[in-house]
Amino acid sequence: MNIKRLSALLSLCLLLYCGCAAPASPGHAEEAPGTGNSAPADGRTPAAPLEASGPQGAPSEGVPEEVPAPEPADSDFVKVTDYIPTIQVELAYAGTDNFTGQAIYDFTEAYLRYGTAKKLAAVQEALKAQGLGLLIWDAFRPTAAQFKLWEVCPDPTYVANPETGFSSHSRGNTVDVTLVSLDGTAVEMPTGFDDFSPLADRDYSDVDALPAANAALLEDAMTQAGFTPYQGEWWHFSDSDVYEVETGFSP
Ligand SMILES: [Zn+2]
């Protein structure tokens, strides 16, 4: 009888303990800023030619040999989040929240040349030490998208005329980026994306000290990794390694 009561008491204690312990772990309030930075679960590994047919004289030891996917060439197009999982991506032209009010292309992932993505990874790493990261607004822009932009906004001040030349975004070596904190919170910058006022240029003397310092920080980090800043827009950077305008690749 006593033993029964004792074991019942013990069970109760155990239940109470578990019941209290479970919710004691800190919540995850900041889990989903924006679209979240979920791991690329279905991240396609870069096209790796299958080398399934093993060597002719396979050793009898049967040691399964892992064949690592070959590293892409610098000029290959890659999905940026496959190589920089912590980077945030919100492509402005994938939806209607851009200066045209129209969706300009129908994909939501950022693609760049592998060589450019490697440089961007170095920027992301350098910013991490300061509690910051990158958010991509635009990356590879197919030439068809440039025609659509021109159709909507035929003003060479704001849009490259595809009849005379494409934006460097169509080379796959150019990104529009801003800073975010590590939990995805926006960092104050001189203007929003595609602000066509004089405040958007790299003369930061006409904006407040904090956004000016943030824009300068972004510019320094990008420049050190090998990007060339565009004078007219604080968010626009091109890899100093230039590639041809791409007409074959489609995200
Ligand atoms: Zn740009």
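Which residues have the most contacts inside the largest nonpolar core? This tour of a predicted model reaches them after a view of the whole chain.

**The whole chain**

Display the full chain as a cartoon. Five helices and seven strands are present, and along the sequence they follow the pattern α-β-α-β-β-α-β-α-β-α-β-β. Of the 251 residues, 28% are buried. Among contacts with a separation of 6 or more, 70% join residues 24 or more positions apart.

Next, colour by pLDDT. The chain has a mean of 81, and 75% of its residues reach 70 or more. Select residues 1-59: here pLDDT stays under 50, and the model has 27 contacts beyond four places in sequence for this segment. These residues may be hidden for the remaining stops.

**The core**

Select Val 80, Ala 110, Tyr 111, Leu 112, Ile 136 and Ala 139, and show their side chains. These are the residues with the most contacts inside the largest nonpolar core, a set of 39 residues. At least two core residues come from each of strand S1 (77-79), strand S3 (111-113), H3, strand S4 (132-138), helix H4 (143-152), S5 and H5. As a general matter, nonpolar side chains tend to be buried together in soluble globular proteins.

Centre the view on Ile 136. Leaving aside residues up to four places away in sequence, Ile 136 touches Val 80, Ile 87, Gln 88, Val 89, Ala 110, Val 175 and Val 177.

**The sheet**

Now select the strands of the open sheet. Five strands lie in the order S2-S4-S5-S7-S6, with mixed pairing. Strand S2 (88-89) and S6 stand at the edges with a single partner strand each, so one side of each has no neighbour in the sheet.

Proceed across the sheet pair by pair. S4 and S5 are antiparallel and share six bridges; select Asp 138 to find it opposite Asp 176 in S5. Keep Asp 176 selected and turn to S7, where its bridge partner is His 236. S5 and S7 also pair in the antiparallel sense, over three bridges.

The last pair is S6 and S7, which run antiparallel and are joined by three bridges. Select Pro 229 and Phe 237 in S7, which stand opposite each other. The connection between S6 and S7 is a hairpin of six residues.

**Helix H5**

Select residues 209-224. This is H5, a helix of 16 residues that reaches 22 Å from its first C-alpha to its last, close to the 22 Å expected at 1.5 Å a residue.

Which residues of H5 are buried? They are Asn 214, Ala 215, Leu 218, Ala 221 and Met 222. Because these residues cover an arc of only 125° around the axis, they lie on the same side of H5. Ala 209 and Gln 224, on the other side, are exposed.

Add the elements against which the buried residues of H5 pack: helix H3 (114-128), strand S5 (174-181), strand S6 (227-229) and strand S7 (236-239).

**Two backbone details**

Move to Gly 226, just after H5, where phi is positive at about 105°. Then select Asp 194, in the loop between S5 and H5. Phi of Asp 194 is near 55°, a positive value in a residue other than glycine. Is Asp 194 buried, exposed or partly exposed? Asp 194 is partly exposed, with 18 other C-beta atoms within 10 Å.

Methods: Residues are numbered from 1 along each chain as its sequence is written. This is a predicted model: local features need pLDDT of at least 70, side-chain atom pairs count only at pLDDT 80 or more; totals for chains, interfaces and linings use all residues. Helices (H or I, at least four residues) and strands (E, at least two) are DSSP runs, numbered from the N terminus. The expected span of a helix is 1.5 Å times one less than its number of residues. A residue is buried if 20 or more other C-beta atoms lie within 10 Å of its own, exposed if 12 or fewer, and partly exposed in between; C-beta atoms are placed from the backbone. The arc is that of the directions from the helix axis to the C-beta atoms. Two residues are in contact if their C-beta atoms, placed from the backbone, lie within 7 Å. A nonpolar core is a set of buried Ala, Val, Leu, Ile, Met, Phe, Trp, Tyr and Cys residues joined through C-beta atoms within 7 Å. pLDDT is the predictor's confidence in each residue, from 0 to 100. Two strands pair if DSSP finds at least two bridges between them.
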